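Please open the model in a viewer and keep the sequence panel visible. The stops below state what to select next and what is found there.

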Amino acid sequence: MERPVVVSALELQVKARPMPRHVGIIMDGNGRWAESRGLPRLEGHREGSASVREVTRTARRVGIQALTLYAFSSQNWARPAEEVAGLMELLRDYLERERAEILDNGIRLNAVGDVDRLPRYVREPLDRLIADSAHNTGMVLSLALSYGGREEILHAARRMAEAIARGELVASRVEESDFEQFLWTKGLPPLDLMVRTSGELRVSNFLLWQAAYAELCFTDALWPDFRTEEFLRCVSQYQQRERRFGLTSAQVKREDPPQRAKA
């Protein structure tokens, strides 16, 4: 249960410090949350959608520029057909139910992943909401759907190879910034913080390229229990860490903060 006074104080504390520009979350533990209560696994995913709404609201309120949620991985297609179908229906329901929330709050919806694999009844409301929110200037909410970090890198490498073959790029002159233009996350701010719920200590093929210098935060809370206070505590952890980007502590302390933020 949320503790209003504690949450309010924590939010004020977080707002007074440098904010991560881009936060990615591996939303894990829905199935275990349901099974521990004797419920079907799908009920855990249904309850988890309430966490999605609350965390999205909180992230926007405190000033985070981009929030990316790992909603459905490339590997999740291998789950039982009944569970996959249920997850697709929940995703469609989320897109329809949250449409007004997203548009009214200036959020721009984005999707990263092999979204062509999604069924039409999911793809259509997804494409519609992405188009209708395209001019919003608030936080970017990205849903990672049919997403895998290795798959993203391979997809980008193939596209870049095609560009080189067409003479649009010279292989010997390709830099990281060139490669990033072919990633699904093109245009998003650098990933500063990656969070995983449920106590698991791995990144599970999520934002592998982008996580190179991200701070990692692991929490034991199952995703349906991960709400405002838990999210703010993860942001607070990030704010207490020293971001060195390969430098020494002494160099970081001498360097101008705005320049460090661009690293």
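Begin by selecting Pro4, which belongs to helix 1, the element covering residues 4-15. The model is a predicted one. Is Pro4 buried or exposed? With a relative accessible area of 61%, Pro4 is exposed, because the limit for that class is over 50%. Next, add Glu229 to the selection and draw a distance between the two C-alpha atoms. Pro4 and Glu229 are 225 residues apart along the chain, yet their C-alpha atoms are separated by 9.1 Å.

**The whole chain**

Now zoom out and display the protein chain as a cartoon. The secondary structure comprises 11 helices and six strands. The C-alpha trace spans about 55 × 50 × 35 Å along the principal axes of the chain. The radius of gyration is 19 Å, which agrees with the value near 18 Å for a compact globule of 263 residues.

Colour the residues by accessibility. Of the 263 residues in the protein chain, 46% are buried. The accessible surface of the chain comes to about 13700 Å², and carbon and sulfur atoms hold 50% of that area. Contacts may be considered in the same view: among those with a separation of 6 or more, 77% join residues 24 or more positions apart.

**The largest pocket**

Turn next to the largest pocket, which holds about 810 Å³ of space. Its lining consists of 35 residues, and those closest to the pocket centre are Met27, Asn30, His45, Tyr70 and Ala71. Select these five residues to place the pocket in the view. Two or more lining residues come from each of helix 2 (30-35), helix 3, strand 2 (66-73), helix 4 (81-97) and strand 4.

Which element gives the most to this lining? Helix 4 does, with seven residues. Colouring the lining of the largest pocket by class should show 15 nonpolar, 10 polar and 10 charged residues.

**The second largest pocket**

For the second largest pocket, the volume is about 480 Å³. Select Glu180, Pro190, Leu191, Trp209 and Gln210, which are the closest to the centre among the 23 residues of the lining. By class, the lining of the second largest pocket divides into 11 nonpolar, five polar and seven charged residues.

**The enclosed cavity**

Rolling a probe the size of a water molecule over the atoms shows where empty space is left. How many cavities of 30 Å³ or more does the structure hold? There is one cavity of that size, and the volume of the largest cavity is about 40 Å³. To see its walls, select Val52, Arg53, Thr56, Tyr94, Glu98, Glu101, Ile102 and Leu141.

Helix 3 (41-62) and helix 5 (99-104) each contribute at least two residues to the lining of this cavity. Helix 3 gives the most, with three residues. The classes in the cavity lining are four nonpolar, one polar and three charged residues.

**Ser146 in strand 4**

Select Ser146, a residue of strand 4, which runs over residues 140-147. Ser146 has a relative accessible area of 1% and is therefore buried, since the limit for that class is under 20%. Which residues surround Ser146, leaving aside its neighbours within four places in sequence? Ser146 is in contact with Phe72, Ser73, Ser74, Trp77, Gly113, Asp114 and Arg117. Show these side chains as sticks before moving on.

**Two residues with positive phi**

The last stop is the loop between strand 5 (193-196) and strand 6 (215-218), where Ser198 is placed. Although Ser198 is not a glycine, its phi is positive, at about 85°. Ser198 counts as buried, with a relative accessibility of 9%.

Leu207 is also found in the loop between strand 5 and strand 6. The phi of Leu207 is positive, at about 50°, although Leu207 is not a glycine. Is Leu207 buried or exposed? At 0% relative accessibility, Leu207 counts as buried.

Definitions and conventions: Residues numbered from 1 in each chain as written. Predicted model: local features only at pLDDT ≥ 70, side-chain atom pairs only at ≥ 80, totals over all residues. Heavy atoms only, no water. Helix = DSSP H or I, 4+ residues; strand = E, 2+ residues; numbered from the N terminus. Buried < 20%, exposed > 50% of the residue type's maximum accessible area, 1.4 Å probe, protein only. Contact = heavy atoms within 4.5 Å. 1 Å grid on protein atoms, 1.4 Å probe; cavity = no way out; pocket = protein on both sides within 12 Å on 5 of 7 lines; lining within 4 Å. Points joined across faces, edges and corners; volume = space filled by probe spheres on them. Nonpolar A, V, L, I, M, F, W, Y, C, P; charged D, E, K, R; others polar. Rg over C-alpha atoms; globule rule 2.2 N^0.38 Å. Areas by Shrake-Rupley, 256 points an atom, 1.4 Å probe, with all protein chains shown as cover.
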